[in-house]
Amino acid sequence: MTNFKDKVVWITGASSGIGEALAMAFAKEGAKLVLTARRREELERVKQQTALPAANVLVLPLDVTQLDQAQPAADQVIAHFGHIDIMVHNAGVSQRSYINDTDLEVYQSLMNVNFFSTVAITKAVLPHMIARKSGHFIVMSSVAGKIGTIMRSGYNAAKHALQGFYDSLRAEGYQHNIKVTTICPGYIRTNISLNALDAAGDKFGKMDSNQATGIPADVCAQKILNAVKTDKKEIYIGGFKEVAAIYLKRFFPSLLFDQVRKNIPE
Ligand code: NDP
């Protein structure tokens with residue numbers, strides 16, 4: 001896909017952070033947007049901020065963990081714009097708690113929001129994309145989709161699950177011209193650590209220093225658009241340390257495991 005003019009782009013987690021930055025970046029290129037998250041007022045704010053004609057933005061509030069709402073939501077998007085060109089699975093919640101302390105329900109919640117929600121929405125939009133012989137999924141994984149780290153066990157598991165599922169979709173979708181670009185960011189400057197779940201499922205509520213000094217969300221968004229334009233299957237976006245860690249695990253896994261063990265979060 002070389003340009004996004006009039007392309008219909010559905011973004012989950014569009015009310016803040018990387019999702020908001022993606023909405024702005026796609027808007028600048030003349031895309032039509034569907035903005036999804038739980039907070040309607042924040043989605044309306046993002047809609048205003050894009051300065052797109054009102055008819056070109058559909059605000060579609062949805063708690064993506066309500067898996068039975070995925071199909072009605074997809075039907076609403078198709079009824080409104082006629083089709084979907086790009087599905088951006090971006091909504092996500094991180095974790096800050098040790099395995100030994102963490103309630104089982106917290107794991108279920110992390111898997112629902114980070115993984116099963118994307119499966120439900122993908123299954124709702126895929127038949128439509130196959131019928132059109134066109135569609136592109138942008139999947140927000142993470143360096144956490146490649147490496148398991150301390151206090152992120154459920155988040156890491158969900159992001160690893162995304163990697164496997166969407167590698168399969170890329171392979172199965174090829175014959176139907178369905179594409180998948182998987183994004184593995186390192187530290188991006190957003191509220192993700194504030195919104196992360198603690199051992200009891202409450203908000204962690206603290207800004208990590210790694211996040212505070214991370215790459216700006218608009219820089220991350222622009223790299224994602226460039227990856228889709230050049231049809232990349234997977235990209236890494238981050239500082240030297242995070243990207244090097246992915247290669248270290250691939251070529252010298254024991255060294256990486258030793259480093260991760262010593263990297264105790266603040
Ligand atoms: P934010 O916390 O700023 O954004 C998370 C977004 O997800 C919000 O728009 C939130 O909206 C939405 N969301 C959360 N739960 C739900 C739900 N149940 N239903 C619908 N929407 C929901 O964090 P980021 O922008 O950083 O995160 C975006 C994605 O990027 C995530 O998938 C994250 O894992 C990934 N990522 C982020 C990194 C970083 O360093 N920031 C690094 C690697 C990956 P609302 O609260 O309105 O529902």
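## Helix α1

α1 has twelve residues and spans 17 Å from first C-alpha to last. That is close to the 16 Å expected at 1.5 Å a residue. The model is a predicted one.

Most of α1 is covered, with nine of its twelve residues buried. The buried positions are I18, G19, E20, A21, L22, A23, A25, F26 and A27. Just after α1, G30 adopts a positive phi of about 80°.

## The ligand shell

The ligand has 32 residues around it. R38, R39, Y155, T190 and Q211 come nearest. By class, the shell holds 14 nonpolar, 14 polar and four charged residues.

Backbone atoms also approach the ligand. For G13, a backbone N or O atom lies 3.1 Å from a ligand oxygen. For I18, which is one of the buried residues of α1, the corresponding distance to a ligand oxygen is 2.8 Å. A backbone N or O atom of I188 likewise lies 2.8 Å from an oxygen atom of the ligand. On its own, the ligand has 880 Å² of accessible area, and the protein covers 96% of that. Three elements give two or more residues to the shell: α1 (17-28), α5 (153-173) and α6 (192-195).

## S15, ahead of α1

S15 sits in the loop between β1 (8-12) and α1. Is S15 buried or exposed? Its relative accessible area is 5%, so S15 is buried, the cut-off being under 20%.

The S15 side chain makes a polar contact with the side chain of R39, at 3.2 Å. R39 is also among the residues that come nearest the ligand. Leaving aside neighbours within four places in sequence, S15 is in contact with E20, A37, R39, E42, L43, R45 and V46. Of these contacts, E20 is a buried residue of α1.

## T50, in α2

T50 lies in helix α2, which covers residues 40-50. With a relative accessibility of 10%, T50 counts as buried, because that value falls under the 20% cut-off.

Which backbone oxygen lies 2.6 Å from a polar atom of the T50 side chain? That of K47. Beyond its neighbours within four places in sequence, T50 is in contact with A23, M24, A27, L33 and V57. Among them, A23 and A27 are buried residues of α1.

Methods: Residues are numbered from 1 along each chain as its sequence is written. This is a predicted model: local features need pLDDT of at least 70, side-chain atom pairs count only at pLDDT 80 or more; totals for chains, interfaces and linings use all residues. Side-chain values use heavy atoms; hydrogens and water are left out. A residue is near a molecule or strand if one of its heavy atoms lies within 4 Å of it. A polar contact is a pair of N or O atoms within 3.5 Å; within protein, one must be able to donate a hydrogen and the other to accept it, and residues adjacent in sequence count only if both atoms are side-chain atoms. Accessible areas come from the Shrake-Rupley method with a 1.4 Å probe; for residues, only the protein chains shown count as cover. Helices (H or I, at least four residues) and strands (E, at least two) are DSSP runs, numbered from the N terminus. Ala, Val, Leu, Ile, Met, Phe, Trp, Tyr, Cys and Pro count as nonpolar, Asp, Glu, Lys and Arg as charged, and the others, Gly among them, as polar. Buried means under 20% relative accessible area, exposed over 50%, partly exposed in between (1.4 Å probe, protein chains only). Contact means heavy atoms within 4.5 Å. The expected span of a helix is 1.5 Å times one less than its number of residues.
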